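Here's a quick tour of a protein chain for anyone just getting started with structures. Take a look at the model first, then work through the points below.

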Amino acid sequence: MSRKIIFNLAMSIDGYISDEDGGFDWIVGEDNNSLDTKGQFEFNKFLETCDTIVMGRKSYEDIPRETFDEFSDKKIYLVTNKKLNINKDNVEIINGDIVGKILNLKKEEGKNIWIFGGAILADTFIKSDVIDEYIIGIIPCILGKGRKLFLENNPTINLHLKNYSFSGGIAVLTYTKR
């Protein structure tokens with residue numbers, strides 16, 4: 001099986017991936033399950049398909065530290081130009097030609113590579129058109145302001161809807177390139 005570069009994250013219906021302070025507490029569904037599909041997106045199963053996570057500095061700083069316990073068996077490439085004191089053996093700081101570095105990594109044996117976020121990091125991969133699969137969870141919330149998912153001046157990338165699921169008002173859409 002060939003490794004894929006997968007972009008997976010949640011956004012509000014108005015296109016935000018976090019609030020202005022980087023918070024994620026709004027990423028919840030609703031109690032109405034009347035439209036739930038039989039097949040559900042299972043985050044833990046997705047996580048099992050990945051052995052590498054690429055994340056930007058803001059995402060690294062914003063996610064709760066206990067979340068890193070879920071990632072302890074993954075190699076994390078932290079994209080930043082800042083000097084950070086990181087005491088985790090599985091975290092490596094990278095910068096420069098990050099797309100080239102990740103494309104080289106994709107050629108190696110291993111599981112999928114998850115582009116975790118944030119928007120500036122994702123934008124680099126979107127503009128380079130190297131993402132193999134987009135998994136976007138649409139949260140039933142109009143956030144109104146915060147950090148946008150898609151920045152401006154992206155190329156046109158035609159996608160194919162590979163899969164979808166609904167659970168508690170959250171739509172998870174999986175797209176591949178056409």
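Strand β9 gives the lining of the second largest pocket its largest share, four residues. Keep in mind that this is a predicted model. Let's stay with that pocket for a moment, then move on to one of its residues, the other pocket, a helix and the chain as a whole.

**The second largest pocket**
- This pocket holds a volume of about 330 Å³.
- Its lining is made up of 18 residues, and F41, F46, E133, I135 and T174 are the ones that lie nearest the centre.
- Which elements each supply at least two residues of this lining? They are α1 (43-48), β7 (133-139), β9 (159-167) and β10 (170-177).
- Sort the lining by chemistry and you get six nonpolar, seven polar and five charged residues.

**A closer look at E133**
- You'll find E133 in strand β7, and it is also among the residues nearest the centre of the second largest pocket.
- Is E133 buried or exposed? E133 has a relative accessible area of 5%, and because buried means under 20%, E133 counts as buried.
- Skip its neighbours within four places in sequence, and E133 still has contacts with K4, I5, I6, F7, K162, T174, Y175 and T176.
- One of those contacts, T174, also lies nearest the centre of the second largest pocket, along with E133 itself.

**The largest pocket**
- How much space lies in the largest pocket? The answer is about 1,200 Å³.
- A set of 45 residues lines this pocket, with N8, L9, A10, F24 and F116 nearest its centre.
- The lining splits into 23 nonpolar, 16 polar and six charged residues.

**Helix α4**
- Helix α4 covers residues 98-106, and its buried residues are I98, V99, G100, I102 and L105.
- What covers those buried residues? The cover includes the strands β1 (5-12), β3 (50-56), β4 (75-79), β5 (91-94) and β6 (112-117), plus the helix α5 (119-127).

**The whole chain**
- Count up the elements and you get five helices and ten strands.
- The radius of gyration is 16 Å, which agrees with the value near 16 Å for a compact globule of 178 residues.
- The C-alpha atoms fill a box of roughly 45 × 35 × 35 Å along the principal axes.
- Of the 178 residues, 44% count as buried.
- Take the contacts between residues at least 6 apart in sequence: 70% of them join residues at least 24 apart.
- The accessible surface is about 10,100 Å², and carbon and sulfur atoms account for 49% of that.

Terms used: Residues numbered from 1 in each chain as written. Predicted model: local features only at pLDDT ≥ 70, side-chain atom pairs only at ≥ 80, totals over all residues. Heavy atoms only, no water. Buried < 20%, exposed > 50% of the residue type's maximum accessible area, 1.4 Å probe, protein only. Contact = heavy atoms within 4.5 Å. 1 Å grid on protein atoms, 1.4 Å probe; cavity = no way out; pocket = protein on both sides within 12 Å on 5 of 7 lines; lining within 4 Å. Points joined across faces, edges and corners; volume = space filled by probe spheres on them. Nonpolar A, V, L, I, M, F, W, Y, C, P; charged D, E, K, R; others polar. Rg over C-alpha atoms; globule rule 2.2 N^0.38 Å. Areas by Shrake-Rupley, 256 points an atom, 1.4 Å probe, with all protein chains shown as cover.
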